Amino acid sequence: MWISSLIDVVLHWSKPYAVDDAASRAQIVDQLLYLLAGLRPDRLLHHLIEVWSSKRAVSMDWTGITTCQRQDLIEELRSVGDFRWTVTTQSSSQNPSTIDSEELKKRVMQSQRISDVIWMLLVRKDEKRSEAELQSEVRRILEEMGHKYSINYIRLMGLILIKTSRRMYEHIWIDLRSVRLLKSLFEEKDVPVILMPTHRSYIDFLLISFVAFHYGLPLPLIASGVDFMGMTGVGEVLRKAGAFFIRRTFADDELYRTVFAAYIYHILHQPQPLEFFVEGTRSRSGKSLYPKFGLLQAAVEVYLAGRVPDIMIVPVGITYERTVEESLFAKELLGLPKPRETTSGLLKASQTVLTDNYGSIWFRCGAPISVRDFMKKRVDRAVHNTSPRNRFKSTVDGSGAVRDLALQVVAQQQDLIEIHDWAVLASVLLNRLRTTGTTSFPVDELVGGCQKLLSALLLISQTKDDRNSDRRFEAKNLIRCTKIHLNILQLDSKQGTLWIQQSHLSDMRTLHLRLAHYRNHIVNLVAPSVLFRLASEKSQVESLNSFEFLKQLFSREFVIPEISHDYTNVSGEIHELFSDMVEPFLVGYAMVLRLLQSDAVSVQTSFASLRELVKSLQGDMKKVLDAGVYCGFEILSSDLISNCVQAVKCLEGISVQNGQFQIDSRIVDRINLQFLSLLPLKIVFQLADMSASSDLHVYASGKI
Amino acid sequence: MSSSSSPEPTPDDRLSKLQRSQLKQNGWGYRDSKFIISKDGQVEFVGGRYGISGHVLTSFRSWMIKALNIDLNFRTPPKTRAITEEDYPVVQNASFLASVRKENVAWSASVEDRLFRAHGHTLAEISLARTGTFLRIPGTGFCTLRAFTYLSPTEVCIVDLVVWPRSHDEVLMIVQLANKHNVVIIPFGGGTSVSKALQCLPYEARMIVSLDTSQMNCILWVDDKNWMACIEAGKTGQDLENELAQKGFCTGHEPDSMEFSTVGGWVATRASGMKKNIYGNIEDLVIHIRTVTSNGVIEKNCQVPRISAGPDIHQFILGSEGTLGVITQVVLKIRPLPEVKKYGSLLFPSFEDGVACLRQVSKGRCWPASIRLVDNEQFRFAQALKSEPSSYFQSLMNNCKKFYVTKVRSFDPEKMCVCTLLFEGSKDNVEKLEEEVYRMAGLHGGMAAGEANGQRGYTLTFVIAYLRDLGLDYGVVSESFETSAPWDRIVDLCRNVKFRVKKECLRLGVKHPPLISCRVTQSYDTGACVYFYFAFNYRGLKCDPVHIYEDIENAARDEILANGGSISHHHGVGKLRSQWLSKTISPQGVETLRAVKCHLDPLNIFAAGNLDLAVSQSDNIKSKI
């Protein structure tokens, strides 16, 4: 009797949220019985709260979503109270019985793999530490690494986030297909999910959790770099939000590597998804970085060792109309030292950050990649059968496949980036700045240029988006962009002119790099076709070789799909537009290659580190540009220089001997000549001009 | 050699009829025993041979509908077309037949006898037998063996003649005649093969003779001083145990097919018995083997417990799958009948816990005679096979038990699984062992679940084979396959294979969710044997379900190998799994086996084509031509 009256009470409470069907009623009865039998009043209370709150969670008919519907999260959040959102959105289904963070560490501590590696280290002659010391070292590593996920902290952060995001952003566009996709992936219980977003800003760390929280998806555990931990308090807060910390380099540290692998293994064996950035760090340039493989390798190994039936990797594209770290990134790329991440710095920054308008964010997930399907033809898992399971040794096949996989993820991420108005406008502005040298532009002409570029981009864009078909770039789009980027631009609506803000005129280098950051959102769309066109100016046979060469040279700069794409449908006019966008990269690479040549005055022949080499090149390039012949200041980007140097290293133009980076001038000469022969005459002449006017006589030997 | 469609009259009707009257030709087991769906729609098991015979299984129908989405109106009964001699033309070797007659060996060329011996019990074979579409295409020459596994049903052929030798000497004589007249011999024991080992190669141009060992079924002697018995190869397991029991002995070798499988078959396939923990597998039981090869008899000259005389020749015969010769006599270890035989069962909250317990039992080597862990799917299946409770009190008790397990002990009904136990030995030992095993189970969250459940589990083992025939009547194809793996890979292997099978089903367009279930049937020091049951409902599928089934099983085997499992624990390789043999034992290993085969059987008389050995033979012959 009293049970049924209790149920009535429950039903009464939840009346507005309609527990009317017999099934839910039966479920409640069942659960109550279960709880009573377990004699756990605390669970009963907890359960009632969950039944109550889950009814308030976002309810939506996911089956109806077929086209590219999107939802504005900011709009959504306006309709609910902040506090209520943070308390109730989290439904019971999304908070599966997660492994307690301490339990996770304990499991790693006690795993066979750890005891095995300790034993292995102990028998080594050069190992000085004792068993107890090694064990405490493991504990220390785990303390440094481990997350402290707590749903209450997430709620607290959610409250802060909802307040700040509403002030900072006009829209957060969520692609609803992506949400539906994630929902369906989480239904398969045995298969871990890895979210791999693009990394352009610190906001990335919070955004996915924010979205997941809102839509009732399991919240991710996020791999981050240890540099975060220096920030007092912030590191702890991030830990509680599900972040765990990994050192940047640990290839030689056997113990750390094993603990790390074991930790990843245990994370993949619990219901929360893993989130990490395949690019390894925030891309300062706004363009995808060449991926890092360590974490992906560790995750894929869990599959290759047969410990999970599959892993689903979801590439995520996050596009910011205005990146919070914009000016910081520009400075870093110009070689100004990166400020250490400190809490006071963050607080100081947040004062200015919180008052500005940062426009829109676009969030979109790509087609999930099944690691099983990806590895099927590439790797034979059976080769690991004849060694013990906790001594997993990666094979050549395996590492190669992981590299391909990482590149595929980055390629997919590229397609998920929104072609937003500001990226188009920034590209056009950058062109004008470079070619005309003026700092004020008539609006009509700009709008015309933007519309031309936008329609060309939409034509070749991979994403099938219905909204794109009738998209146009008009004056109002430009006005909107200007509003968001008031720190750079100034609009004189009476005269119909767009000005660069006075404060930037003295520092054109930073301005160029800031604009390039947004141009780079979309440059990868056009780069392959431009390179292909460059190569196809040659005869048939040569063109293939030339394209291969360009692909290799720009392998770190652009993601060029393996499958031979059809670039021939790009008309001459569009090609002009596109090559204007890519031109600075061509000039920049030509210049780096030239500077690497033996007769360039200021270059030594060996360097202690890659960074030193890049820095020296950057200094030389500054001097060349100071002559004022070329205005494409963005080529000073350390990102571009280092990409070029890395590619030369891959082409064996630079070798490493005894830890010293040696330049092999013969090979560099060859690369340089081949590259120059492919460049359009216009650029070659420009390079010649630069060399002629350069006081340093960098180009004195007249090789060009 | 000539092809003819008019067979000679059968000289010895008695022999063939005896077997055929008892056993099904197109399904498993005895003719009188089978599952049926009665008029009121309930599932029943008819016949009086088994524990559940005659019972109405009230909840089984709803299980079938729920687990496999069976539509009782969608019936796919076997074709009952009368088979005529014209359907299966014979390749005749007149001179061989004349010699056989002269030597007064029992033989038959009737189409029923030939059909019965032309297949084992894989799904593909039984489905052929049900539709009756075997075919012999004589003289098509050599095609690659690879293609064979995937031949369409119409291209599988049957034997041309059956002979029933009565002794070792008659076998020797038949093998010599076969070599003289170039006739193929396929040894046939109980016919329970599940590796396509009995199938005839369709490109075989010679006459194919099935050598049925069923008339060599005597225990030649029992040595109660040394506890050994010499048994003729055609003796079935059940008869052997019954007869030895009269003398107070047993071999203790009990494979699930023991009612029909024979001693010779056990040796030829490396069989494994349920109670191997006490008695050992066949390779542990064998003391002496006598084998007739084309080059003469191969055997040892002594019956000793162990010998150091170079590589053990027994190891070539064990698992030779009819490719080297005919096993005629085997000496097996015997032991006195156990004082006590006691069943038991354990419930575990999850499969992982169960495996952990089995692992610990193995570490302590405190194995009962048999210890088997079934997963949740099979646990629920076994629950559905319970007959209706006989009284109100019993059903109340059932509900109470259920409440205790699921609510008080909070076992998840979707995860819990059961482990069945069989103890044998002296009373004291059994008690001690029981205590030890239950204590270990407790450490892993297990709880004792009674003797009756254990006993039922072992009865079901024999009955479960009959279920496929019921499924085939309602559009469900099913089969089992097995493997062995190290302990730390068992759980992952089971999960990954299930995942792969479900994924392949989706990929190949199977409309209903498949049933894939596993059990750990044998425990060893370093690993265990895992047995999978796989069934799916092919209603709504456009293409041939048997081919789809084979594709999925092949994918499952790939997955097993990728997860550190073996090609087979005890079913053998046959033709079904020969594609993985070279990967398993290395190409050098296969070449070694071929070299042995070349010496013992230069004319490839034993041309069953198992173990991938026939390729080099045909190459040999080709090169001679």
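This passage describes strand pairing, backbone outliers and the chain interface in chain B of a predicted model.

Strand β11 of chain B spans residues 228–232. Of its 5 residues, 4 are buried, so the strand is largely enclosed by the rest of the structure. Pairing involves β10(B) and β15(B). With β10 (residues 219–223), β11(B) pairs in the antiparallel sense over 4 bridges. Within this pairing, B:D223 has B:M228 of β11(B) as its bridge partner. β10(B) and β11(B) form a hairpin, and 4 residues lie between the two strands. One residue of that turn, B:W227, has a positive phi of about 55°. The pairing of β11(B) with β15(B) is also antiparallel and comprises 5 bridges. Here B:A229 stands opposite B:L332, a residue of β15(B).

Most residues other than glycine have a negative phi. Besides B:W227 in the hairpin turn, whose phi is positive, two further cases in chain B are described here. The first is B:E321, a residue other than glycine with a positive phi near 55°. B:E321 is placed in the loop that runs between α12 (314–317) and β15 (325–333) of chain B. The strand that follows this loop, β15(B), is joined to β11(B) by the 5 bridges noted above. B:E321 has 25 C-beta neighbours inside 10 Å and therefore counts as buried, the cut-off being 20 or more.

The second case is B:N604, where phi is likewise positive, near 55°, in a residue other than glycine. Its place is the loop between α20 (581–600) and α21 (614–624) of chain B. B:N604 is buried because 23 other C-beta atoms lie within 10 Å. Both loop residues thus carry a positive phi, B:E321 as well as B:N604, and both are buried, as the neighbour counts of B:E321 and B:N604 show.

The interface between the chains was examined from the side of chain B. In the contact set, 13 residues of chain B are in contact with 13 residues of chain A. On the chain B side, the elements that give two or more residues are α15 (392–408), α18 (487–507) and α19 (545–562). The largest share comes from α18(B), with 6 residues. By residue class, the side of chain B that touches chain A divides into 4 nonpolar, 4 polar and 5 charged residues.

Terms used:
Residues are numbered from 1 along each chain as its sequence is written. Chains are lettered from A and ligands numbered from 1 in the order in which they are written. This is a predicted model: local features need pLDDT of at least 70, side-chain atom pairs count only at pLDDT 80 or more; totals for chains, interfaces and linings use all residues. A residue is buried if 20 or more other C-beta atoms lie within 10 Å of its own, exposed if 12 or fewer, and partly exposed in between; C-beta atoms are placed from the backbone. Two residues are in contact if their C-beta atoms, placed from the backbone, lie within 7 Å. Ala, Val, Leu, Ile, Met, Phe, Trp, Tyr, Cys and Pro count as nonpolar, Asp, Glu, Lys and Arg as charged, and the others, Gly among them, as polar. Two strands pair if DSSP finds at least two bridges between them.
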